[in-house]
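Subject: Handing over a structure, with notes on what was found

Dear colleague,

I am passing on to you the structure shown below, which you will be seeing for the first time. Please look it over, and then read the notes that follow it.

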Amino acid sequence: MGSTVTVGRVGRPHGVRGALRCTYETDFPERLRQRESFLLCDPRTGEVQLVTLSELKLLPRHFLIRFQEISSPEQARRFIGWWLEIDARRVPDDTEEGEFYYFQLSGLTVVEEGSGRVIGRVVDVNQGKAHEILTIETPDGEELLIPFVADAVAEVSVDDGRLILRSRE
């Protein structure tokens with residue numbers, strides 16, 4: 001399977017018809033209405049299930065979603081803790097110059113400003129308490145955690161496949 005983008009995390013079932021209560025993992029929840037299908041992905045086992053949208057209700061702190069393949073709370077319970085994802089190729093390319101989606105950072109080569117020394121590649125972006133955290137894998141397999149803030153990141157160029165870190169002098 002290709003690259004996916006997480007748009008929600010499944011919580012407890014809701015109601016008697018198998019709806020799932022999900023937390024938002026997207027800045028554009030209204031775009032969920034444009035989808036016909038989603039992927040339910042188990043982060044523990046890697047199991048993936050393609051599901052077809054039946055009903056969606058957007059609420060301030062979470063959303064309720066029903067799928068044709070899930071029709072009872074008993075069936076819905078199986079998916080607690082799973083991620084709700086979409087195919088990355090189907091994300092609208094509506095970014096302005098210099099803007100990007102976080103999933104586009106994955107795989108970028110990370111270089112040091114000035115020297116051009118390759119530090120590694122971005123393997124993940126996680127939400128921290130104050131800001132996002134980049135996980136960078138170095139050529140020798142170590143993981144570096146770098147705050148995704150202007151003091152640490154000089155430039156992001158998705159088109160060039162590079163993320164430039166400021167020198168720590």
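In β9, the bridge partner of R121 is E137, and this pair is a convenient place to begin. Please keep in mind throughout that the model is a predicted one.

The two residues belong to a pairing between strand β8, which covers residues 118–127, and strand β9, which covers residues 132–137; the two strands are antiparallel and share six bridges. Together β8 and β9 make a hairpin, with four residues lying between them. On the other side of the story, R121 is also the bridge partner, in β8, of T109. The strand concerned is β7, made of residues 109–112, which is joined to β8 in the antiparallel sense by three bridges.

From E137 one can step onward as well, since its bridge partner in β10 is E143. Here β9 pairs with strand β10, residues 143–147, over five bridges and again in the antiparallel sense. These two strands also form a hairpin, with five residues between them, and in the turn G141 has a positive phi of about 90°. Strand β10 contains P147, which counts as partly exposed because its relative accessibility is 29%. Although P147 and E132 are 15 residues apart along the chain, their C-alpha atoms are separated by 6.2 Å.

The strands described so far are part of an open sheet of six strands, which runs in the order β10-β9-β8-β7-β12-β11 and has mixed pairing. Its edge strands are β10 and β11, the latter spanning 153–157, and each of them pairs on one side only. Neighbouring strands of this sheet are turned against each other by 35° on average, with direction ignored. As general background, the strands of a sheet pair through backbone hydrogen bonds, and may do so in a parallel or an antiparallel way.

A second assembly of strands is found elsewhere in the chain. Six strands form a closed barrel, running β1-β2-β5-β4-β3-β6, and the pairing in this barrel is antiparallel. From one strand to the next, the twist averages 50°. Within the barrel, β1 and strand β2, which comprises residues 19–24, run antiparallel and are joined by five bridges. One residue to look at here is V10, whose bridge partner in β2 is C22.

That cysteine leads to a further question: how many disulfides does a search of the whole structure find? The search finds zero. C22 is in no disulfide, and the nearest cysteine sulfur, which belongs to C41, is 12 Å away; a disulfide would need the two sulfur atoms to lie within 2.5 Å. C41 is likewise in no disulfide, with the sulfur of C22 as its nearest cysteine sulfur. As for their surroundings, C22 counts as buried because its relative accessible area is 1%, and C41 counts as buried because its relative accessible area is 7%.

Taking the chain as a whole, there are one helix and twelve strands, and they follow one another along the sequence in the pattern β-β-β-β-β-α-β-β-β-β-β-β-β. Of the 169 residues in the chain, 37% are buried. The C-alpha atoms fill a box of roughly 60 × 35 × 30 Å, when this is taken along the principal axes.

Finally, the pockets deserve a look. The largest pocket has a volume of about 1,200 Å³, and 32 residues line it, those nearest its centre being V5, T6, E25, Y102 and F103. The elements giving two or more residues to this lining are β1, which spans 4–14, β6, which spans 83–87, and β8. Which of the elements gives the largest share of the lining? That share comes from β8, which contributes five residues. By character, the lining divides into 16 nonpolar, eight polar and eight charged residues.

If you would like a route through the model, I suggest following R121 to its partner E137 in β9, going on from E137 to E143 in β10, and then turning to V10 and its partner C22 in β2.

With kind regards

Note on methods
Residues are numbered from 1 along each chain as its sequence is written. This is a predicted model: local features need pLDDT of at least 70, side-chain atom pairs count only at pLDDT 80 or more; totals for chains, interfaces and linings use all residues. Side-chain values use heavy atoms; hydrogens and water are left out. Two strands pair if DSSP finds at least two bridges between them. Axes are lines fitted to C-alpha atoms, for helices over the stretch in contact, and angles run from 0 to 180 degrees between N-to-C directions. On a 1 Å grid over the protein atoms alone, a cavity is a set of points where a 1.4 Å probe fits but cannot get out, and a pocket is an open set with protein on both sides within 12 Å along at least five of seven lines; lining residues have an atom within 4 Å of a point. Grid points are joined across faces, edges and corners, and a volume is the space filled by probe spheres set on the points. Ala, Val, Leu, Ile, Met, Phe, Trp, Tyr, Cys and Pro count as nonpolar, Asp, Glu, Lys and Arg as charged, and the others, Gly among them, as polar. Buried means under 20% relative accessible area, exposed over 50%, partly exposed in between (1.4 Å probe, protein chains only).
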